[in-house]
Amino acid sequence: MHKKIPHILFLFLTVLGYGQVKLAISEVKDLKVNQRFKLTVLLEISGENMEQETPLQAPDLSKFDIIGSASERNIIELDRQRGTIIDQLVYQWVLAPKQAGKVKIGSVLVTVNGKIYKTEPFDVTVKDGERSQAVADNSDTDDLYLNLEVQNKEVYKNQPATAVLRAYSRNFNNFRKVGKIHPSTQKNVNIKPVSFAKSEIESRDGVASQVIGVFMIFPKEAGPVEIKPISASFSPKSEPVTISSNPVKIKVKKLPAGMPATYKNAVGSFAVELSRKNGDQLLEVDKPVNVVLKVSGKGNIESLVLPKLEQSPDYIFYEPKITVQSSPKEKGLTGFISSEYIIVPKKTGLIRVKFEDFSFFDPAHQNYTDLGVQQLELDVKTPQQIAEAKSTLEKVNDYTNNVLETVNTPVLQTKHLKVKEKENINWKIVAGNLALLSTFAMLFFLVTRKSEKKKLKKTPVLAPISSIAETEELIRKKMVNHLEENIEYLKILKDRKDYSTFFSTYDELLREAMALYNVADDKVFRNQLEIAKGPYFAEKYRTLSERIQMEKYAPIHSDEEIQQLFESIETIFSNINK
């Protein structure tokens, strides 16, 4: 869609209220040929024993081009004790007049409890539009519009709501022309992209649709909240344009009463774990120790306010390092957020490291949970106490370990022979250390004797290359295709979760693949793939490139998404290498 569809003010032209049934249709102002507009019908049925026996019967729309249609049904509960509810159905068409003149929009019919209800017909004046290139570009073949749908429109503050972005068009080829998707930025809402994978194309009443994005919405304030439109690039011609979805309103409920005094903003289900790194080592006064507070579970993990470390004269600490790892699931983000503190004890003996209380609201059970104060006991000693606690053998092992750490050989990884503290004596390791030291001495003696006897160094004579053809053959043998090696290296980086190196290695893999086709431009490379492998394969590569770019600059990387990316990379580039 090249121009934004003008917003038609929803004023009900006719409202027929027959007791407990209300049927209304939106007013339509004067139009121009090929000008799109929305026609909306509202049906409300309230009360008990009221049954809709027929679907809505649309008026004659043969004088309009039907760009798209959608419907939404809501059940509104007015009085829970009396059981009074309203069944509300909203049906909407996107239309464009085909010709100028006076056009009649007929009645909408529906049957409820054996009685027929209808709206009154009305006329719309359609004027000739300007015969410009803009009108020609606005044809059905280039038409596409976006619709944002929110599945749960009534949530608590900080509780996620799932939103689905769907594209509609009468031309299947238009779905390939949708590019980057840009969620809106607003202060009262945090929008987290879940997936940009495109679904299978669905078709209904001559209009095709495809899910092109799924998002998770975290409202930051209570009350009515409007989700701003989500935009996407669309390239029907040579120059891309920007199209936007509809805004969506949701109702954000306040958290219920009974909130603990220490409650911050956690909504979901969580657990807290407090630990220190290298827990088996002795703690020394004035020496740093790393303490980690980890909150894991499902909910608004990325925006959690973590419990803070309390001040104490027994220790000092520095600003924590915050680590977040999450992946979107059906009902929220699942993962953990942790804060790692560097603490320096200032006294010996038993000291307690205390954190603030942590509590959360569980919307599934409609209650608050207080996990209480988190604390960790540290037994701090002086350097003399640590030295006195070690036996003579442990002191020898410390000295041996220091030698083995600083003196390493390419033949043996001597660090594996280190003796761990507070373990039983392993005479095999002791014998191995002695044998290793003896081997060093013997090797040093033999090398010294051999270097004294060596007078001259022979220079190898290279066989001459007799012809240019032989030279070229030698160069071809030295040229190595590194595509498969890079794919294997990507797998190692994926398993290590070294995602920054993962994407830089992919760039190197892409350059080598382009070199096979003697091209350096991505667009030319796609054209070459389409010629060599077919349009379907080229489209798969284009989709992979877009996913790579979106995931490369994402603030948080999902393990599942990286795994899917690697599988696609392996499949596509292995085929390119054939």
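Here is a quick tour of the side-chain contacts in this structure, plus a look at one helix. Keep in mind that the model is predicted. Two tallies to start with: there are 16 salt bridges, and the count of aromatic pairs comes to 16.

**Salt bridges across the chain**

- Let's begin with E302 and K192, which form a salt bridge whose closest N and O atoms are 3.3 Å apart.
- E302 lies in the loop between strand 24 (289-299) and strand 25 (315-317), while K192 belongs to strand 15 (residues 189-195), so this pair ties together parts that are 110 residues apart in sequence.
- The two partners sit in unlike surroundings: E302 is partly exposed at 28% relative accessibility, whereas K192 is buried at 10%.
- Another salt bridge brings the side chains of K346 and D286 together, at 3.3 Å from N to O.
- That pair links distant parts of the chain, 60 residues apart: K346 is in the loop between strand 27 (332-345) and strand 28 (349-354), and D286 is in the loop between strand 23 (283-284) and strand 24.
- K346 is partly exposed, with a relative accessible area of 42%, and D286 also counts as partly exposed, at 45%.

**A salt bridge between neighbours, and a network**

- D495 forms a salt bridge with K494, and here the closest N and O atoms are 2.8 Å apart.
- D495 is exposed, with 52% relative accessible area, but K494 counts as buried at 12%.
- Some salt bridges share partners, and that is how R176, E539, R542 and E546 end up in one network.

**Helix 8 from end to end**

- Just before the helix comes its cap: D521 caps the N-terminal end of helix 8, with a side-chain oxygen 3.1 Å from the backbone nitrogen of K523.
- Helix 8 itself covers residues 522-533, which makes 12 residues.
- How far should helix 8 span at 1.5 Å a residue? The expected value is 16 Å, and the end C-alpha atoms are indeed 16 Å apart, so the two agree.
- Just after helix 8 you'll find G534, which takes a positive phi of about 110°.

**Aromatic rings**

- A pair of aromatic rings is described by the distance of the centres and the angle of the planes.
- Take Y315 and F317: their ring centres are 6.4 Å apart and their planes meet at 45°, so the pair is tilted.
- Y315 is buried, with a relative accessible area of 3%, whereas F317 is partly exposed at 23%.
- Y506 and F573 make an edge-to-face pair, with 5.8 Å from centre to centre and 90° between the planes.
- Since Y506 lies in helix 7 (residues 499-516) and F573 in helix 10 (residues 559-576), this pair ties together parts that are 67 residues apart in sequence.
- Both Y506 and F573 are buried.
- Y156, Y263, F361 and Y368 are linked into a cluster by ring pairs.

**Charges over rings**

- The charged end of K294 sits over the ring of F336, at 4.5 Å from the ring centre.
- K494 turns up again here: besides its salt bridge with D495, its charged end sits over the ring of F566, 5.4 Å from the centre.

Methods. Residues numbered from 1 in each chain as written. Predicted model: local features only at pLDDT ≥ 70, side-chain atom pairs only at ≥ 80, totals over all residues. Heavy atoms only, no water. Salt bridge = Lys/Arg side-chain N within 4 Å of Asp/Glu carboxyl O. Helix = DSSP H or I, 4+ residues; strand = E, 2+ residues; numbered from the N terminus. Buried < 20%, exposed > 50% of the residue type's maximum accessible area, 1.4 Å probe, protein only. Expected span 1.5 Å × (residues − 1). Polar contact = N/O pair within 3.5 Å; in protein donor to acceptor, adjacent residues only side chain to side chain. Phe/Tyr/Trp six-rings, centres within 6.5 Å; stacked < 30°, edge-to-face > 60°. Lys NZ or Arg CZ within 6 Å of the ring centre and 35° of its normal.
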